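Here is a quick tour of one protein model, written for someone who thinks in side chains. Have a look at the sequence and the fold, then read on.

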Amino acid sequence: MRDLTVAVFRPDDERLASAVELIDSLGATPVPDPMLSVDPTEAAPREDADYVVLTSKTGAELVADAGWDPGTATVCAIGPKTAAAVRKAGYEVDLVPDEYTSSGLVATLTNDVDGARVEVARSDHGSPVLLEGLEAAGAYVHETILYRLVRPEGSGESAELAAAGELDAACFTSSLTVAHFLEAAAERGVREEAVAGLEDATVGVIGEPTRKTAAEHGIDVDVVANEATFDALACETVETAAPTYHD
């Protein structure tokens with residue numbers, strides 16, 4: 001009997017190390033296969049906004065490296081981990097939505113941003129929900145692309161395992177990880193086989209947009225994490241996969 005193998009697609013930094021440690025602590029065997037790599041643009045957010053939205057740990061680190069000054073702006077973080085990174089970078093966090101998603105942040109800000117200047121600083125693959133929602137609420141929205149998310153060379157080990165029927169679970173953290181997984185599979189000539197292999201695996205995703213992307217590409221999703229964090233995603237995916245595995 002082999003171990004329960006779980007693919008994780010986090011960027012190859014402390015986030016991947018933490019993910020591997022968590023999967024291992026759950027009694028499964030992690031398959032680290034980074035599907036995202038950060039390519040900074042060297043841009044910095046505007047400093048004359050009424051509200052500034054930061055959506056990731058990477059973004060927090062990059063604005064700090066750029067010497068960005070928020071001035072009197074209300075600094076918003078899309079979730080607690082981003083908020084922790086923003087504080088670690090030396091900034092105060094004024095607002096974190098109860099729901100850690102773009103739509104959750106829009107709902108929190110809707111009644112406050114009519115006529116306000118809102119700066120959104122994030123990657124080049126941010127959800128349009130955030131910009132469109134804030135604009136619909138009457139805000140003057142400006143987006144600064146802090147970094148691009150690209151697929152690392154050599155990615156795709158998990159796709160080959162899925163194609164061979166040797167992957168038991170996968171944790172997709174964004175629509176882009178789904179797209180990059182499929183690109184890596186195609187590059188290795190196993191796209192159809194990898195998608196077929198995921199049918200016999202437990203597929204977990206971090207939110208509804210990722211579930212929708214997976215479904216559009218023929219990937220059935222078994223778990224949508226109750227909370228938009230990797231910890232919740234990993235725990236729920238392994239918990240769902242484990243009973244089948246142990247039968």
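## A salt-bridge network

Which residues are linked in a network of salt bridges? They are Glu14, Lys57 and Glu61. Keep in mind that this is a predicted model. Counted over the model, the salt bridges come to 11.

## Three more charged pairs

Start with Arg46 and Asp48, whose side chains meet in a salt bridge at 3.0 Å, N to O. Both partners sit in between buried and exposed: Arg46 is partly exposed at 36% relative accessible area, and Asp48 is partly exposed at 38%.

Next up is Arg122, which forms a salt bridge with Glu143, with 2.8 Å between the closest N and O atoms. Arg122 belongs to strand S6 (residues 117-123) and Glu143 to strand S7 (residues 140-150), so this pair ties together parts that are 21 residues apart in sequence. The burial is uneven here: Arg122 counts as buried at 3% relative accessibility, while Glu143 is partly exposed at 31%.

The side chains of Glu160 and Arg188 also meet in a salt bridge, this one at 3.3 Å, N to O. Glu160 sits in helix H6 (residues 157-163), and Arg188 sits in the loop between helix H7 (175-187) and helix H8 (191-199), so the pair ties together parts that are 28 residues apart in sequence. Glu160 is partly exposed, at 39% relative accessibility, and Arg188 is partly exposed too, with 32%.

## Asp33, a buried acid

Now for an acid without such a partner. Asp33 lies in the loop between strand S2 (29-32) and strand S3 (37-40). Asp33 is buried, yet has no salt bridge. Which side chain of opposite charge is nearest to Asp33? That would be Arg188, 6.0 Å away. A salt bridge needs the nitrogen and the carboxyl oxygen within 4 Å, so at 6.0 Å the Asp33 and Arg188 pair doesn't make the cut. Arg188 does have a salt bridge with Glu160, as described above.

What Asp33 does have is a polar contact of 2.6 Å between its side chain and that of Ser158. Setting aside neighbours within four places in sequence, Asp33 is in contact with Val8 and Phe9, plus the run Ser155, Gly156, Glu157, Ser158 and Ala159.

## Cysteines

How many disulfides does the model have? The count is 0. Cys171 is in no disulfide, and the nearest cysteine sulfur, that of Cys235, is 9.4 Å away. The cut-off for a disulfide is 2.5 Å between the sulfurs, so Cys171 and Cys235 don't qualify at 9.4 Å. Cys171 is buried, at 0% relative accessibility. Cys76 is buried as well, with a relative accessible area of 0%.

## Helix H4 and its packing

Helix H4 (residues 102-109) has these buried residues: Ser102, Gly104, Leu105, Val106 and Leu109. What do they pack against? Their partners are strand S4 (51-54), strand S5 (74-77) and helix H5 (128-136).

## What the record says

The UniProt entry, which is unreviewed, annotates residues 20-234 as "domain: Tetrapyrrole biosynthesis uroporphyrinogen III synthase". In the model, the end C-alpha atoms of that span lie 10 Å apart. The span is 39% helix and 20% strand.

Definitions and conventions
Residues numbered from 1 in each chain as written. Predicted model: local features only at pLDDT ≥ 70, side-chain atom pairs only at ≥ 80, totals over all residues. Heavy atoms only, no water. Helix = DSSP H or I, 4+ residues; strand = E, 2+ residues; numbered from the N terminus. Buried < 20%, exposed > 50% of the residue type's maximum accessible area, 1.4 Å probe, protein only. Lys, Arg positive; Asp, Glu negative; His and termini not counted. Polar contact = N/O pair within 3.5 Å; in protein donor to acceptor, adjacent residues only side chain to side chain. Contact = heavy atoms within 4.5 Å. UniProt positions renumbered as here; feature names shortened; annotations may be inferred.
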